[in-house]
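Open the model in your viewer and keep the sequence panel visible. The stops below say what to select and what is there.

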Amino acid sequence: MTATPSGNKKAPIQTVAWSFGKVRLIDQTALPDRIEFIEYSSWRDVVEAIRTMVVRGAPAIGCTAALGMALGARSIIAESREAFKARFTEMADAFRGSRPTAVNLFWAIDRMMEIVDTLPGNTIDLKDAIVDEALRMLDEDIETNRRMGRFGADLLPDEGAVLTHCNAGALATVGYGTALGVIRAAVEAGKTIKVYADETRPRLQGMKLTGWELAQDGIDVTVIADNMSGMLMRRGDIDCVVVGADRIASNGDTANKIGTYNVAVLAAHHGIPFYVAAPYSTIDFALETGEEIPIEERDHEEMTHINGHRIMPEGVPTMNPSFDVTPHDLVTAFITERGIIYPPFKQNLKQEEETEESGAAQIEGAKPHLALSN
Ligand code: MRU
């Protein structure tokens, strides 16, 4: 594992990459103080990077797990396919245990396992196919985000203000972002957009990451404390809300960063549209409602400390659920790579999933471009 600082502060953000047979991540725990990249040559270290949130954000952790499994596959010495699969399954299980809520993680791992289950050939062929599949996923992620951006840009007002929560940007994906991708696309289309970013306690992804990445791109962003959005909405300062998602149940109930539900309730009260931008890989059709979504409870030190400094009195209990579920009736529409999905969500999300002419089919043949080298 090696860390390198980046000299170029204005380079496009490359959150996750495959670099000369290693997994390369921007260290999100160091931002915005330092722009550092870490290269991983051990798959176990990649599991740890997801767990400790060196990389975070639903699509980013899915793609990182895929690359980590590619790294792991290359390290397997096995005399038979069966032995290879047994070892690869152990790796998959370790990645499954890294974080519980974002379904993209499990979607990506299943996709990697499917290669082993379906592809003929020897273990060398398998290793190559696994690396190729992981790289294809990286490429698809950016393409998916750009498609979402193009659909979503039309929904944003010109000369208007958008509120977002947490970070659903380039840093939460391979690049471009979901919610922030929609904002980027609207700005690229010539719209003047002001962004309000909730700071997002306790880990401050909104302040540290959304504030940083939008400022890097020259997009007008103001970071607010989480308890300010009600006042701004009441004053008429916010035209719409766009957030990302970690898992969406069949009926449209949406898990996203803790505090998203508060924002959705406020938006509904003030008659402000509340959009969720997410790829289809974030929808968990196995779940009927959001009640079934596992909610991660993280270390309470995230509440009691900021940057290693204790801010809470000793001995006072706290809690730290990392996500909440916004009920589907508070969501105006989903912005997906297949188009804008309006209610009734249970019917319309599934119908689009089953449509043959899907966006996913169109990007299936995309060539990987994010490998810096094999
Ligand atoms: O705990 P995190 O930082 O991984 O949570 C991230 C979020 O909640 C994002 O909003 C979500 O993953 C959407 S990312 C495109």
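**Stop one: a loop residue**

Select Tyr176, which is in the loop between β5 (160–164) and α6 (179–188); helices (H or I, at least four residues) and strands (E, at least two) are DSSP runs, numbered from the N terminus. Tyr176 is not a glycine, yet its phi is positive, near 75°.

Before moving on, note that residues are numbered from 1 along each chain as its sequence is written, and that side-chain values use heavy atoms, with hydrogens and water left out. This is a predicted model: local features need pLDDT of at least 70 and side-chain atom pairs count only at pLDDT 80 or more, while totals for chains, interfaces and linings use all residues.

**Stop two: cis peptide bonds**

Select Arg201 and Pro202: a cis peptide bond joins them, with omega about 5°. Pro202 belongs to the loop between β6 (193–198) and α7 (205–216).

Go next to Pro343 and Pro344, also joined by a cis peptide bond, with omega about 0°. Pro344 sits in the loop between β17 (339–341) and α11 (345–354).

**Stop three: the ligand**

Now select the ligand and show the residues near it (a heavy atom within 4 Å). There are 18 residues around the ligand, and Arg56, Arg99, Asp246, Asn256 and Lys257 come nearest. Colour this shell by type to find eight nonpolar, six polar and four charged residues. Here Ala, Val, Leu, Ile, Met, Phe, Trp, Tyr, Cys and Pro count as nonpolar, Asp, Glu, Lys and Arg as charged, and the others, Gly among them, as polar.

Colour by domain as well, with bounds from an automatic or database domain assignment. Domain 1 (2–144) and domain 2 (150–367) both give residues to the shell, so the ligand lies between them. Among the elements, α2 (58–75) and β10 (254–257) each supply at least two shell residues.

Which atoms lie 2.9 Å from a ligand oxygen atom at Ala58 and Gln205? At Ala58 it is a backbone N or O atom, and at Gln205 a side-chain N or O atom. A side-chain N or O atom of Asp246 is 2.8 Å from an oxygen atom of the ligand. The protein covers 99% of the 420 Å² of accessible area (Shrake-Rupley method, 1.4 Å probe) that the ligand has on its own.

Key:
Polar contact = N/O pair within 3.5 Å; in protein donor to acceptor, adjacent residues only side chain to side chain.
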